[in-house]
Amino acid sequence: MNPPLPLEQAQARLLALAEPLDIEIVPVAASLARYLATPLIAGRSQPPADLSAMDGYAISGQGPWRIIGESRGGAPFSGPVRSGEAVRISTGALLPEGSDRVLIQENALSQDNELTLTSDLPAYGQHIRRAGFDFSSGETLLGEGNWIGAGQVALILASGAGTVPVRRKPRVTFIDCGDELAASPAQCPPDRIPASNGAMLAALAANIPCETRYIGPVPDRLDALSVALETACESDLIVTSGGASVGDHDLIRPALEAYGAQIDFWRVAIKPGKPLLVARKGPQIILGLPGNPVSSFATGFLFMLPLLRHLSGAAAPLPRQHLFHTGTDLPATGPRREFLRGCIAGSTVTPLEEQDSSALLALARANALIERPENSGEVKAGTDVPVYLLQNG
Ligand SMILES: Nc1nc2c(c(=O)[nH]1)N[C@H]1C(S)=C(S)[C@@H](COP(=O)(O)OP(=O)(O)OC[C@H]3O[C@@H](n4cnc5c(N)ncnc54)[C@H](O)[C@@H]3O)O[C@H]1N2
Ligand code: MOO
């Protein structure tokens, strides 16, 4: 039996197994939470001309001024402004030719088309947004693999694009495996437990646009597991949970072999989540996550989400760490990298008391995973520790 892989090696191996999916062109509104498949190049400049940043008067010279017209959004003033002249102007309106600054209306008095100052003269160029100061036509605005959020949606539209190239959405099938699992939480016999991992993993993936499907719970029988895997044969990714360990009824490995998948690696030196199994069949990837709910969650967070981001074309698919002070002393660790469920309050993260890999109450109360390096000594309260932010509370 090979020793468990170190975390970074296992993550790199998983991502190297799969290519980002094919490119499709979608309307900008449909690109939210996806990743740019090509760099974004500006098709226009923003602003397209010098604009006023305030409501007031575009002026030329020292004043007083004679008001000769108006420039407003969508209706610019045509013609030049000469020294001693002013044009009424709105925020965002085109600056008339010849005006060299904008006087805000709070600092001016207008009477019978005569404009006078009630405060200091604005400096040359004041309250003017110069053409192209935000971006210029032909400029690279965002790189390939950039995530598309609200700000990016606005930038893509402003750059002159109505559509955007992204990777097609991954098709994912979640399969819950185990004789002990009940499909209905409300009608769960005393010797069973409600199946919750598949729904939890689908929820974990909900921020990444995917086409998802659920199968289960599937009993611990090779024939039943084979049917489930065959049913999911069109998926880009199959995520199973349970049956990944060494027990007599842990059948994911033989079921995958019968399905024709090649096992790439099994077991990672992390706690929880050691018995993670990774396999592929052609372009399809299969993640066999451990059944313990917190182990499933941790491997979902550290492996499934990065893989989904990678398939979706993300430039940086791995989760990001942040530093927080630990609120309590943290015990020494063994040969596995540990991920403690913790709660962040202000700049402090405190591990929950219950760290068993089946403990759902502590998982639901956590909003962070605290990373503890393998073979590390005890850490004192107040020390900075690396933390992954969760979205469940
Ligand atoms: N002799 C050894 N035993 C175990 C080892 C080991 O190295 N040697 N590893 C342990 C570790 S670590 C983990 S993690 C678990 C993982 O086991 P499996 O992936 O085989 O999971 P199961 O045995 O099927 O289930 C474990 C536990 O989780 C519950 N479960 C399973 N699926 C679901 C689901 N969909 N929803 C909710 N709960 C689920 C299941 O009822 C069990 O209680 O193995 C250790 N054993
Ligand atoms: O890895 Mo298991 O996940 O320690 O319980």
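## Surroundings of ligand 1

A residue counts as near a molecule if its C-beta atom, placed from the backbone, lies within 6 Å of that molecule. In this predicted model, 27 residues surround ligand 1. Asn 197, Gly 242, Ser 245, Pro 290 and Gly 291 are the closest of them. Two elements, helix H3 (197–204) and helix H6 (293–311), each give two or more residues to this shell.

By residue class, the shell around ligand 1 consists of 14 polar, nine nonpolar and four charged residues.

## Surroundings of ligand 2

The shell around ligand 2 comprises Lys 271, Pro 272, Gly 273 and Lys 274, together with Pro 290, Asn 292, Ser 295 and Ser 357. Four of these residues are polar, two are nonpolar and two are charged. Pro 290 belongs to this shell and is also among the closest residues to ligand 1.

## Annotated domain

An unreviewed UniProt entry lists residues 173–310 as "domain: MoaB/Mog". Over residues 173–310, helix accounts for 32% of the chain and strand for 29%. The C-alpha atoms at the two ends of this segment are 17 Å apart.

## The E8–E9 hairpin

Strand E8 (residues 108–111) is paired with strand E9 (residues 114–117) in the antiparallel sense, over four bridges. Within this pair, Ala 108 stands opposite Leu 117 of E9.

The two strands, E8 and E9, form a hairpin with two residues between them. One residue in the turn, Asp 112, has a positive phi of about 50°.

Methods: Residues numbered from 1 in each chain as written. Chains lettered and ligands numbered in written order. Predicted model: local features only at pLDDT ≥ 70, side-chain atom pairs only at ≥ 80, totals over all residues. Nonpolar A, V, L, I, M, F, W, Y, C, P; charged D, E, K, R; others polar. Pairing = 2+ DSSP bridges. UniProt positions renumbered as here; feature names shortened; annotations may be inferred.
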